[in-house]
Amino acid sequence: MRLLSSLTLYMALLLGANAALAADTAALKEMRVGDMKRLIVHSEPKPLTETPFTLADGAGTATLAEYRGKYVLLNFWATWCAPCRKEMPMLSELQTEFGGEDFEVLTLATGRNSPTRIKAFFDEIGVTNLPRHQDPRQAVAREVGVLALPITVLVDPEGREIARLLGDAEWNSKDAKAIIRALIAEAG
């Protein structure tokens, strides 16, 4: 009898969690306007890789697991990619406005991008609040399914992909900020 009660409670909690996820996904889908219309919101979160990437200036390695507990806007980019260069100041603005305990912009230069060129680029555009991490062998990018640049992936606090956008976007637009604000409100 106790087993049946426990199983019933477990199933009720599981169904409630799935219903909440479906509602959150539906809400995000409804918020997609402007550039955000291209944001692909998954009906269920997708697991992400634990493959390490190189920290800025070769200061060791990290994995996406180290960012659990907050929403992450993970941007794959390269110094040679014109659309990537265009959207980097907008990502910096998002980090300035929303970065903290519940949200972080994580930039990951994938492929051949020397630390010197990355630093020079960030200095040139005046970005000081974004990481200069690298994925030099494109191992993380391959496992995440990055086929072109830029690609931006929204990651939930459990470290799962909930949405992605192929190409550049106006990440400092009111539409993008509304989505980030809604995610942060959900986390808080």
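These questions and answers concern a predicted model of one protein chain.

Q: What pattern of helices and strands does the protein chain follow along the sequence?
A: The model is predicted. The protein chain has 5 helices and 8 strands. Read along the sequence, their pattern is α-β-β-β-β-α-β-α-β-α-β-β-α.

Q: What percentage of the residues of the protein chain count as buried?
A: The accessible surface of the protein chain is about 9800 Å², and carbon and sulfur atoms hold 56% of that surface. The chain has 188 residues. The share that counts as buried is 46%.

Q: Among contacts between residues at least 6 apart in sequence, what percentage join residues at least 24 apart?
A: Leu154 and Leu39 illustrate sequence distance: they are 115 residues apart along the chain, and 9.5 Å apart in space, C-alpha to C-alpha. Leu154 touches Leu39. Across the protein chain, among contacts between residues at least 6 apart in sequence, the share joining residues at least 24 apart is 72%.

Q: Is the aromatic pair of Trp77 and Phe122 stacked, tilted or edge-to-face?
A: The structure holds 4 aromatic pairs. In the pair of Trp77 and Phe122, the ring centres lie 5.7 Å apart and the planes meet at 45°. Stacked needs planes under 30 degrees apart and edge-to-face over 60, so the remaining class applies. The pair is tilted.

Q: How many residues apart in sequence are the parts that Trp77 and Phe122 tie together?
A: Trp77 lies in strand β4, residues 71-77. Phe122 lies in helix α3, residues 115-125. Both residues are buried. Because the two sit in separate elements, their pair ties together parts whose distance in sequence is 45 residues.

Q: Which residues do ring pairs link into a cluster with Phe122?
A: Phe121 and Phe122 form an edge-to-face pair, 5.9 Å centre to centre, with 80° between the planes. Phe121 is buried at 3% relative accessible area, and Phe122 is buried at 2%. Phe122 also pairs with Trp77. The ring pairs thus link Phe122 with Trp77 and Phe121.

Q: Which element supplies the largest share of the largest nonpolar core?
A: The largest nonpolar core has 34 residues, and those with the most contacts inside it include Leu73, Trp77, Phe103 and Phe122. Elements that each supply at least two residues include β4, β5 (103-110), α3 and α5 (174-187). The largest share is 6 residues, and it comes from α2.

Q: How many residues does the other core, with Leu74 and Phe76 among them, have?
A: This core lies apart from the largest one. Val140 and Val146 also belong to it. Its size is 18 residues.

Q: In which strand is the place of Leu154?
A: Leu154 is among the residues with the most contacts inside the largest nonpolar core. Its relative accessible area is 2%, so it is buried. Its contacts include Val72, Leu73, Ile162 and Ile180. Its place is in residues 151-155, strand β7.

Q: With which side chain does the side chain of Asn75 make a polar contact?
A: Asn75 lies in strand β4. At 0% relative accessibility, Asn75 is buried. Residues it touches include Met88, Leu91, Thr107 and Pro150. At 2.9 Å, its side-chain polar contact is with Glu87.

Q: Is the disulfide of Cys81 and Cys84 right-handed or left-handed?
A: The sulfur atoms of Cys81 and Cys84 are 2.3 Å apart. Cys81 is buried at 3% relative accessibility, and Cys84 at 0%. The torsion about the S-S bond is about 75°, so the disulfide is right-handed.

Q: Is the peptide bond from Leu149 to Pro150 cis or trans?
A: Most peptide bonds are trans. Pro150 lies in the loop between α4 (139-144) and β7. Omega of the bond from Leu149 to Pro150 is near -10°. That bond is cis.

Q: Does Asp57 count as buried or exposed?
A: Asp57 is in the loop between β2 (53-54) and β3 (61-62). Its phi is positive, about 60°, although Asp57 is not a glycine. Its relative accessibility is 53%, and the cut-off for the class is over 50%, so Asp57 counts as exposed.

Conventions: Residues are numbered from 1 along each chain as its sequence is written. This is a predicted model: local features need pLDDT of at least 70, side-chain atom pairs count only at pLDDT 80 or more; totals for chains, interfaces and linings use all residues. Side-chain values use heavy atoms; hydrogens and water are left out. Rings of Phe, Tyr and Trp (its six-membered ring) pair if their centres lie within 6.5 Å; planes under 30 degrees apart count as stacked, over 60 as edge-to-face and the rest as tilted. Helices (H or I, at least four residues) and strands (E, at least two) are DSSP runs, numbered from the N terminus. Buried means under 20% relative accessible area, exposed over 50%, partly exposed in between (1.4 Å probe, protein chains only). A nonpolar core is a set of buried Ala, Val, Leu, Ile, Met, Phe, Trp, Tyr and Cys residues joined through side-chain atoms within 4.5 Å. Contact means heavy atoms within 4.5 Å. Accessible areas come from the Shrake-Rupley method with a 1.4 Å probe; for residues, only the protein chains shown count as cover. A disulfide is a pair of cysteine sulfur atoms within 2.5 Å. A polar contact is a pair of N or O atoms within 3.5 Å; within protein, one must be able to donate a hydrogen and the other to accept it, and residues adjacent in sequence count only if both atoms are side-chain atoms. Lists of a residue's contacts leave out its neighbours within four places in sequence.
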